[in-house]
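Dear colleague,

I am passing on to you the structure we spoke about, with the sequence alongside. Please have it open while you read the notes underneath.

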Amino acid sequence: MGFENIVFYVFAGIMVFSALMVITVKNPVQAALFLVLTFFSCAAIWMLLEAEFLAIALVLVYVGAVMVLFLFVVMMLDINVARMRAAFMQYLPIGIAVLVTMAVMMFMVVNQIHIDAPGRAAANYNNTRELGLVLYTVYVYPFEIAAVILLVAIIAAIALTLRRRPNTKHQNPDLQIAVKRDDRIRMVKMDTEEKK
């Protein structure tokens, strides 16, 4: 077993462990941090496969930007963990069915495609260009559908944070703009006092 295989199995083990922790920990903030660890492990595996662009994009885009938004939304939503845990057993059979379906589909895909071990790429090989060619020619419709799904998710997250909750203060921008100086400031004229 070579050094690359050892590194692959180490990062794959970390990735599987952290992915399991994402769905099993009770605290949503800890789940988001385990998701960061999952992304880092996946980026390391992509670096081993000489897909440097995907690794850097995963770290910069998902860990740097998306996870900050996840944490922001998780903290703003004020999730009731006890109620969420109570519904866990209710949705467990559906989750197991989805898990089995995905595992069967992955097994079928891996068995149909014979993948040879990748050799070293030439010095002038540009994996970013190859990725762009495949993404915008063969997979252009799935790429656009994924963009629409992400847009809907962003709109849903904004709608969830803007919902009305009891005992919260809200500002009315119309009233703030219409305010006059005399409504906020009262000028008081006082005589000066002499220092003793």
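What follows is an account of what was found, going from the whole chain to single residues.

Please keep in mind from the start that this is a predicted model. The protein chain has nine helices and zero strands, and, read from the N terminus on, its elements run α-α-α-α-α-α-α-α-α. Of its 196 residues, 12% count as buried. The accessible surface of the protein chain comes to about 16,800 Å², and 69% of that surface belongs to carbon and sulfur atoms. As for the contacts in the chain with a separation of 6 or more, 61% are accounted for by residues 24 or more positions apart.

Helix 1 and helix 2 offer a pair of residues that can be described together. Ser18 lies in helix 1, which covers residues 3-24, while Thr38 is found in helix 2, which covers residues 28-48. The side chains of these two residues are joined by a polar contact of 2.7 Å between Ser18 and Thr38. Ser18 has a relative accessible area of 0%, and is therefore buried, the cut-off being under 20%. Thr38, at 10% relative accessibility, falls under that 20% cut-off as well, so Thr38 also counts as buried. If neighbours within four places in sequence are left aside, Ser18 is in contact with Phe34, Leu37 and Thr38; with residues up to four places away likewise not counted, Thr38 touches Met15, Ser18, Ala19 and Val22.

Helix 2 also holds Phe40, which counts as partly exposed because its relative accessibility of 40% lies between the 20% and 50% cut-offs. Leaving aside neighbours within four places in sequence, Phe40 is in contact with Val59 and Val63. Phe40 and Ile56, for their part, are 16 residues apart in sequence, and their C-alpha atoms are 9.8 Å apart in space.

In the loop between helix 2 and helix 3, the latter covering residues 52-77, one finds Glu50. What is the sign of phi at Glu50, which is not a glycine? The phi of Glu50 is positive, at about 60°, and you may wish to look at this residue in the display. Glu50 counts as partly exposed, at 24% relative accessibility.

On the surface, a nonpolar patch of about 470 Å² is made by Ile96, Val100, Val104, Phe107 and Met108. One of these residues, Met108, is found in helix 5, which covers residues 88-112; with a relative accessible area of 45%, Met108 is partly exposed.

Lastly, there is the matter of charged pairs. How many salt bridges does a search of the whole structure find? That search finds one, and a salt bridge is formed by Glu130 with Arg129, where the closest N and O atoms are 3.8 Å apart. Glu130 is partly exposed, with a relative accessible area of 33%, whereas Arg129, at 52% relative accessibility, is over the 50% cut-off and so counts as exposed.

With kind regards

Notes: Residues are numbered from 1 along each chain as its sequence is written. This is a predicted model: local features need pLDDT of at least 70, side-chain atom pairs count only at pLDDT 80 or more; totals for chains, interfaces and linings use all residues. Side-chain values use heavy atoms; hydrogens and water are left out. Helices (H or I, at least four residues) and strands (E, at least two) are DSSP runs, numbered from the N terminus. Buried means under 20% relative accessible area, exposed over 50%, partly exposed in between (1.4 Å probe, protein chains only). A polar contact is a pair of N or O atoms within 3.5 Å; within protein, one must be able to donate a hydrogen and the other to accept it, and residues adjacent in sequence count only if both atoms are side-chain atoms. Contact means heavy atoms within 4.5 Å. Patches are made of residues with over 30% relative accessible area and no salt bridge: like charges are joined within 9 Å, nonpolar side chains (Val, Leu, Ile, Met, Phe, Trp, Tyr) within 5 Å. Accessible areas come from the Shrake-Rupley method with a 1.4 Å probe; for residues, only the protein chains shown count as cover. A salt bridge is a side-chain nitrogen of Lys or Arg within 4 Å of a carboxyl oxygen of Asp or Glu.
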